[in-house]
Amino acid sequence: MATTCNATVTNKQVILRDYVTGFPKESDLIFTDSTIDLKIPEGSKTVLVKNLYLSCDPYMRIRMGIPDPGTAALAPPYIPGEPIYGFSVSKVIDSGHPDYKKGDLLWGLVGWGEYSLITPDFSHYKIQHTDVPLSYYTGLLGMPGMTAYAGFYEICSPKKGETVFVSAASGAVGQLVGQFAKIMGCYVVGSAGSNEKVDLLKNKFGFDEAFNYKEEQDLNAALKRCFPEGIDIYFENVGGKMLDAVLLNMKLHGRIAVCGMISQYNLEDQEGVHNLANVIYKRIRIQGFVVSDYFDKHLKFLDFVLPYIREGKITYVEDIVEGLENGPSALLGLFHVRASRTISSLSVSR
């Protein structure tokens, strides 16, 4: 039931200034004050939430760009002058929706602000398991975890003993793909952009091998060193030169799940791929996917992953930035070529 008391409060938000071309700048995002009524109008089925954690994800850069039919198939573009949207962990303040009541916790898409008014749909889920950190629902138990699960299990159909390569492997998705692959009994190699991250992959997440792509003069040679007999499964997060090198090293009937291409998002003229003929020669299956296509498997995913978390068999590393005012720098830090951190979420403090 909606509350009967009137109260209007200040609501800090992060707004898109204008459509972005090239590399985004902090000035493209505006940190501003608005107001919001804490009372849901009578008869409305909307839900007012206070956002606790906001997820910082590479796909959000695509939504900042000038609209075109290709990117619109992923998600609607952000609208200049309005808050950007992303996945969050939120607490219900007031509700006119029969499925949510005051005090409930949920994760799903919200506008970047201290408070958001939402109309619950297939992208919103009530949080039932609170014996794990709430912030996990912006990562391991939220969109990145679902992405890793759907891409690896539903698309790649892994088998014990297969060889698996994960690019951007220390990110919110990549670190989980590698651990899922190890659970399956696969041989797993990851690439990352610093020696610190390489160490994390091998000594924290249990990858069999890892390399710093920035220190490799020849990516093809690096992959041949790690996979002398070839790659069965490639979980693609990067695109560009890495994808070109991988195509030369795939086995017959290899599978590639295309999750992202972060190396291309800020380029006005994206790089071409030159080794695509290998898709024919080696009968490689390449499939792009969007996690929302697999939201119907969310409960199946939780049943799978929660026991591993509780038994300590899956490790998850978060990098949480405090304060909504630091949201623009946290989000854009994902794309900085010299970044040593992988920001996973933003804690919204008031």
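**Exercise 1.** Determine across which strands helix α5 lies, and at what angle it runs to β10.

*Solution.* Step 1: helix α5 covers residues 195-203 and lies across β9 (187-192) and β10; contact means heavy atoms within 4.5 Å. Helices (H or I, at least four residues) and strands (E, at least two) are DSSP runs, numbered from the N terminus. Step 2: α5 runs at about 175° to β10. Axes are lines fitted to C-alpha atoms, for helices over the stretch in contact, and angles run from 0 to 180 degrees between N-to-C directions.

The model is predicted: local features need pLDDT of at least 70, side-chain atom pairs count only at pLDDT 80 or more, and totals for chains, interfaces and linings use all residues. Residues are numbered from 1 along each chain as its sequence is written, and side-chain values use heavy atoms, with hydrogens and water left out.

**Exercise 2.** Establish the strand order of the open sheet of 6 strands and identify its edges.

*Solution.* Step 1: the order is β10-β9-β8-β11-β12-β13, with parallel pairing; two strands pair if DSSP finds at least two bridges between them. Step 2: β10 (209-212) and β13 (285-288) each have a single partner strand, so one side of each lacks a neighbour in the sheet. Step 3: from one strand to the next, the twist averages 15°. Step 4: within this order, β11 (residues 231-236) and β12 (residues 250-258) pair in the parallel sense over 5 bridges, and Y234 stands opposite I256 in β12.

**Exercise 3.** Describe how helix α3 and helix α9 cross, and which residues meet.

*Solution.* Step 1: the axes of α3 (residues 143-155) and α9 (residues 298-310) come within 11 Å and cross at roughly 90°. Step 2: the two helices are therefore roughly perpendicular to each other, a class that spans 65 to 115 degrees. Step 3: G145, M146, Y149, Y153 and E154 in α3 meet H298, K300, F301 and F304 in α9. Step 4: the residues of this contact divide into 5 nonpolar, 2 polar and 2 charged. Here Ala, Val, Leu, Ile, Met, Phe, Trp, Tyr, Cys and Pro count as nonpolar, Asp, Glu, Lys and Arg as charged, and the others, Gly among them, as polar.

**Exercise 4.** Is L332 buried or exposed, and which residues does L332 touch?

*Solution.* Step 1: L332 is found in helix α10 (residues 327-332). Step 2: its relative accessible area is 7%, so L332 is buried (under 20%; exposed is over 50%, partly exposed in between, with a 1.4 Å probe and protein chains only). Step 3: leaving aside residues up to four places away in sequence, L332 touches P24, K25, E26 and M64. Step 4: L332 and R61 are 271 residues apart in sequence and 8.3 Å apart in space, C-alpha to C-alpha.

Methods: Parallel < 35°, antiparallel > 145°, perpendicular 65-115°, else oblique.
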